[in-house]
Amino acid sequence: FNFGRTLGEGSYSTVLAATDRQTLKEYAIKVLDKRHIIKEKKVKYVNIERDTLNRLTEHPGVVRLYYTFQDERSLYFVLDLCAGGELLGVLKRLGRMEMEGARFYGSQILDSVAYMHSRGVIHRDLKPENVLLDGGMHVKITDFGTAKLLADPQKASNRTSDTGYGVPSGDPLGDAEHDRAVSFVGTAEYVSPELLRDKTACRASDLWAFGCIVYQLLAGRPPFKAANEYLTLQKILGLEYTFPDGFPDVARDLVERLLVLEPERRMTVENVKAHPFFEGVQWGSELWRQKAPRLKSYEPPPREPIKLNGVNNGGAAAGAAAAMGLPRQSSGGMGQSGQQQGQGQTAQQQTRPQLRGVTELPPPSQLDIDWSPVLTHPNERILKLGNLVVFSGPPTSGSPNGGSQPGTPSEKPKFTRFFSGSTTKKRERLVLITSAGRLVIAAAGGNDKKAKGEVNLLTGGANWKSYVDSKGLTAWQLDTKDKHFTFEDPRATTSDPAGSKFSTQEWLDSVSQAKELALSQQHNGKYGSYTNDLDHSGVSSPSDSIGGDAAMPMERHNLRQTLRKNTGDEEPLIGRKRFSKRHSKSGLAAVF
């Protein structure tokens, strides 16, 4: 072989392009370093990948192993060359895929998974990175290092039924009892809940990952994504995901039937093939003879214009609230169309019985325990946590409370920055959304478990929405009667504006969920007097908070009583209002 360019690198291997000197055929050769494999105890995974590829040789949707050889330093796997690269790279370029492309690639992935299961192979790490595309842009699944090899049903068909082998591929729990894992395998965003709970993987685990892939094809992002791996796994166990605007209804139904916590309730391969999402697909060899469709980015249909004539005030207010991304407020004067819309939303929510009710809270996680000094309300949980770039300042005209544009401070007298504590500040902070309807702001990094400020989402006048800045990046803002906040993703880049849009939507969904949870808990009396005693201004922060001290002294005093530990002895008031050099920067108004 003549070796060429590097195609990719893994944890213990490198993939190179190579050409056979005799036939001039191109291959991809995976080079594995022997010393590293032995040192890192990866021999088991190398053998699993070799044995799996040797078994899966009769299907066009699986990367084929042609030769293996070795020298003193390395092992060599000669594989199919996939010139189209990874499916993940295609998704990054497109953002969201049109239905035609999603149906085509979904059907080829499903057909390949069905073949693997029929040969007794559970992949256990299906994800867009492990789905390659050949020169004709057809699917080839790769990376079987963490696969589970069951008894081959084709070879076990002559055995007696009491051996326990030869489970049909349609059984989602086939051989689950033989698949106890001693360590975590897979990627966090696509790992199945049964593997997290019971350390058990089965054929249905691959179908969970398939549901995540179908979602990502049409949404441009995985359904379960959080600031870190731990929070991602918590989302999976809580089945916490949402659909973006314009997500096709037929695809939504398929995803909801695949992303089910109990593997025995998940659809089987045969049922997935019969789902309306794959209507018109010719399964079998015909599927692989088809020409791949031209890939196009999905463009959601434009929203219907708001009709201001011929509707009552309640309908106009609801339409305006929907256009601004604000939660719709119920009204006694709601028209018939509004009632029908509410009934439609209720019926739509009832079609997802596997999701938790808004009044159900999971048991405290380790994250909740770590942040217990901040979670001062009974049964309070963290719904979302992450670093954001936070702007804070006085109300703006972009909000119902006055000012100018989102993210910009309102116009002030020339010397206000020397004699007022309400100037706009920009800092990276750790933001927590809790089930008590609170947005808590802490120091970035999370090492200091103390709140620098908080916003009560239940207060009157609190509203939030997304906006697009001058760079084309999406962020979100939160307004109360006394403060204006904007929140930006520090990882957002102009090369990937869709990423900031999805991140913003996740935060807005968490804020809405927090308010809904808090209202339901308040209705049930679970928060007691805490909810009634919350500061009605919506914002309270100590003197060193990110937004200065636009709140009244009594509001700061209430927050300090909430945040500090109750030792039985009150601190002297003079100690809390001590004048310092820090206060002088914002003027005397910050102290008095």
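In which loop is Arg124 found? This tour of a predicted model reaches that residue after a view of the whole chain and a walk along its N-terminal part.

**The whole chain**

Begin with the protein chain displayed as a cartoon. The chain contains 20 helices and 18 strands. Colour its 592 residues by accessibility, and 47% of them appear as buried. Of the contacts between residues at least 6 apart in sequence, 65% join residues at least 24 apart.

**Stop 1: Asn2**

Select Asn2, which is found in strand β1. Its relative accessibility of 40% places Asn2 in the partly exposed class. Add Thr19 to the selection: 17 residues separate Asn2 and Thr19 along the chain, and their C-alpha atoms are 5.2 Å apart. With neighbours within four places in sequence set aside, Asn2 is in contact with Ala17, Ala18, Thr19 and Arg21. Now show side chains for Asn2 and Arg21; a polar contact of 3.0 Å joins the two side chains.

**Stop 2: Gly10**

Move along to Gly10, in the loop between β1 (2-9) and β2 (13-19). Gly10 is partly exposed, with a relative accessible area of 45%. Draw a distance from its C-alpha atom to that of Lys30, a residue 20 places away along the chain; the value is 9.6 Å.

**Stop 3: Ile37**

Next, select Ile37 in helix α1 (residues 34-39). Is Ile37 buried or exposed? Its relative accessible area is 4%, so Ile37 counts as buried. Beyond its neighbours within four places in sequence, the contacts of Ile37 are Tyr12, Leu32, Lys42, Val43, Val46 and Leu75. For a further distance, take Ser74: it lies 37 residues from Ile37 along the chain, with 9.6 Å between the C-alpha atoms.

**Stop 4: His59**

Continue to His59, located in the loop between α2 (43-55) and β4 (65-70). Although it belongs to a loop, His59 is buried, at a relative accessible area of 14%. Which backbone atom does the side chain of His59 reach? It is the nitrogen of Gly61, at 2.9 Å. Display the residues around His59 as sticks as well: apart from neighbours within four places in sequence, His59 is in contact with Asp111, Ser112, Tyr115 and Trp288.

**Stop 5: Arg124**

The opening question can now be settled: Arg124 is found in the loop between β7 (121-122) and β8 (131-133). Check its backbone torsions. Most residues other than glycine have a negative phi. Arg124 is not a glycine, yet its phi is positive, at about 75°. With a relative accessible area of 18%, under the 20% limit, Arg124 is classed as buried. Follow its side chain to Thr146, where a polar atom of the Arg124 side chain lies 2.9 Å from the backbone oxygen.

**Stop 6: Leu239**

A second positive phi awaits at Leu239, which has a value of about 50° and is not a glycine either. Leu239 is found in the loop between α8 (229-238) and α9 (249-258). What relative accessible area does Leu239 have? The value is 2%, so Leu239 is buried.

**Stop 7: the second largest pocket**

Finish by switching on a surface and turning to the second largest pocket, which holds about 1200 Å³ of space. To centre the view, select Arg221, Asp496, Ala498, Gly499 and Phe502, the closest to the pocket centre among its 45 lining residues.

Then colour the lining by element of secondary structure. α3 (87-94), β11 (382-393) and α16 (497-523) each contribute at least two residues to the lining of this pocket. Which of the elements gives the largest share of the lining? That element is α16, with 9 residues.

Colouring by domain gives another view of the second largest pocket: domain 2 (85-153 + 186-289) and domain 3 (366-395 + 425-524) each provide at least three residues of the lining. Lastly, colour the lining by residue class. The lining of the second largest pocket comprises 17 nonpolar, 14 polar and 14 charged residues.

Notes. Residues are numbered from 1 along each chain as its sequence is written. This is a predicted model: local features need pLDDT of at least 70, side-chain atom pairs count only at pLDDT 80 or more; totals for chains, interfaces and linings use all residues. Side-chain values use heavy atoms; hydrogens and water are left out. Helices (H or I, at least four residues) and strands (E, at least two) are DSSP runs, numbered from the N terminus. Buried means under 20% relative accessible area, exposed over 50%, partly exposed in between (1.4 Å probe, protein chains only). A polar contact is a pair of N or O atoms within 3.5 Å; within protein, one must be able to donate a hydrogen and the other to accept it, and residues adjacent in sequence count only if both atoms are side-chain atoms. Contact means heavy atoms within 4.5 Å. On a 1 Å grid over the protein atoms alone, a cavity is a set of points where a 1.4 Å probe fits but cannot get out, and a pocket is an open set with protein on both sides within 12 Å along at least five of seven lines; lining residues have an atom within 4 Å of a point. Grid points are joined across faces, edges and corners, and a volume is the space filled by probe spheres set on the points. Ala, Val, Leu, Ile, Met, Phe, Trp, Tyr, Cys and Pro count as nonpolar, Asp, Glu, Lys and Arg as charged, and the others, Gly among them, as polar. Domain bounds come from an automatic or database domain assignment.
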